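User: I'm new to this structure and would love a close look at how its helices pack, with a short stop at a sheet. Could you walk me through it?

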Amino acid sequence: MLQEKTYSDIKNSLTKDYEFFNKIIGYENIYKSEFTKLNSLFKGLTKKTTYIKREEWDQKQDKIISFKSEYRPYYTTIKGDDFYGYSLSKDDLNNLAKDFPNIKKDYDLLKSKKDKVKLGKRPNNECDEYKAKYQEKLYKQAQLEDKALCGICNKYWEQVDMAGEGQKFGLSKNVLADHGFYLTYGGRNDVCFGARFHSWEKSPKVKIEYVKQVLNVILKGLSKQKPTVVDLDDAIQQANNYNNAVVEFENISQDTKEKYNDLHWTYRRKSKSACGASQPFYEDKELIYTFKDYLNIKGTPELLNVYKVKSEIVKPSIIFEGMRIAMTLPTNKDDISLELLTRIWSDHKDQIEAEKLKFETAIKNWKLQLTPREKMNKEKA
């Protein structure tokens, strides 16, 4: 749920965004990532209020009701704080018109630069000033909060003492706290490899172990995964399965599809998944966890077939050691070749080798340093 914001919050955040806009618009060329962000910003601010007819299940009346949803202009920040598709009230819009009277004019100016948009990122020599200021801000914050640098994610984190089985290599004093994780089902996932090691200022061990435990393992696996005709045949078969499933789904009658959608909507209502995470419920004395469970009880053979066909509409893909997400392949089998698969494998392998070289260079050049707080204390002494 979006947090309530005051107009002062909006104004301060948009002021930061305008600093970015004025800087970018002054360059001869605009890069695609910059244009996309700015276009999203102004598009939301200049949007007109619209009303769209919607339907939703009313539990009290036990039926589907129609109503109109109001869609207002919205604010999605670039450099400001915590505004992502934030709906603007009429008072917000009136105040913005006074404080930022040139929003529409500036949007037109941005769109006039569209033909000069370039692909890729802005060269480092044009970004150095901004990066330096940002790093200085982070460094000062680390001084105040006594944080130190992680050798893996290159961000500043708290230092803690770690006892018991949670230690890495027996490291217990002034190790970096767990970070980089997200919570799900009551547990932590994807904790940064650099957690529970000493900071980069104090030891290169974290990079040494990352090369040994992660990068070398990935490269060893990749050396055995160079694509062959077997991989090509598998990819082509995936494409055939995808296209066959698409055709089969298209041939299902509209009446059957509507029955399937109605049943799916009923499941969403009963499991409350339309309002967030689904919750188990009982149907005919059976505990229902998933839509498939519900289909097995309430569905017909033809509706179960719709579920089967929809589950088979999966685009072809290939994944190699070290990839977090599979690489999607063309759905036209004629566009899939051994050369394409080999190029994907080779590009990924080159990327891992470059990462290993970067780590090994950093390890070779490592020197003992003061943490931000230690350096601040030394300068005050």
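Analyst: Here is a walk through the helix α10 and its partners, then a second helix pair, then a small sheet.

A word on the ground rules first. This is a predicted model, in which local features need pLDDT of at least 70 and side-chain atom pairs count only at pLDDT 80 or more, while totals for chains, interfaces and linings use all residues. Residues are numbered from 1 along each chain as its sequence is written, and side-chain values use heavy atoms, leaving out hydrogens and water.

Let's start with α10, which covers residues 301–311. Helices here are DSSP runs of H or I with at least four residues, strands are runs of E with at least two, and both are numbered from the N terminus. Helix α8 (residues 254–271) meets α10 with axes that come within 10 Å and cross at roughly 85°. Axes are lines fitted to C-alpha atoms, for helices over the stretch in contact, and angles run from 0 to 180 degrees between N-to-C directions. That angle makes α8 roughly perpendicular to α10; under 35 degrees counts as roughly parallel, over 145 as roughly antiparallel, 65 to 115 as roughly perpendicular and the rest as oblique. On the α8 side the contact (heavy atoms within 4.5 Å) uses Thr 256, Lys 259, Tyr 260 and Leu 263, and on the α10 side Glu 302, Leu 303, Val 306, Tyr 307 and Lys 310. These residues divide into five nonpolar, one polar and three charged. Here Ala, Val, Leu, Ile, Met, Phe, Trp, Tyr, Cys and Pro count as nonpolar, Asp, Glu, Lys and Arg as charged, and the others, Gly among them, as polar.

Helix α9 (residues 291–298) also packs on α10, at an angle of about 160° with the axes 9 Å apart. This makes α9 roughly antiparallel to α10. Their crossing is left-handed, meaning that the near helix is turned anticlockwise from the far one by less than a right angle, where clockwise would be right-handed. Phe 291, Lys 292, Leu 295 and Asn 296 of α9 meet Leu 303, Leu 304 and Tyr 307 of α10. That contact has five nonpolar residues, one polar and one charged.

Now for the second pair. Helix α1 (residues 7–25) holds Phe 21, which counts as buried because its relative accessibility is 1%; buried means under 20% relative accessible area, exposed over 50% and partly exposed in between, with a 1.4 Å probe and protein chains only. Leaving aside residues up to four places away in sequence, Phe 21 touches Leu 38, Phe 42, Asp 106, Leu 109 and Leu 110. The axes of α1 and α4 (residues 103–112) come within 12 Å and cross at roughly 35°. In that contact, Tyr 18, Phe 21 and Ile 25 of α1 meet Ile 103, Asp 106, Leu 109 and Leu 110 of α4. The tally is six nonpolar, no polar and one charged.

Last comes the sheet. Three strands form an open, antiparallel sheet in the order β7-β8-β9, where two strands pair if DSSP finds at least two bridges between them. β7 (147–149) and β9 (175–176) stand at the edges with a single partner strand each, so one side of each has no neighbour in the sheet. Three bridges join β7 to β8 (residues 156–160). Lys 147 has Glu 158 as its bridge partner, and Leu 149 has Tyr 156. Six residues separate β7 and β8 in their hairpin, where Asn 154 in the turn has a positive phi of about 60°. Two bridges join β8 to β9, with Val 160 opposite Val 175.
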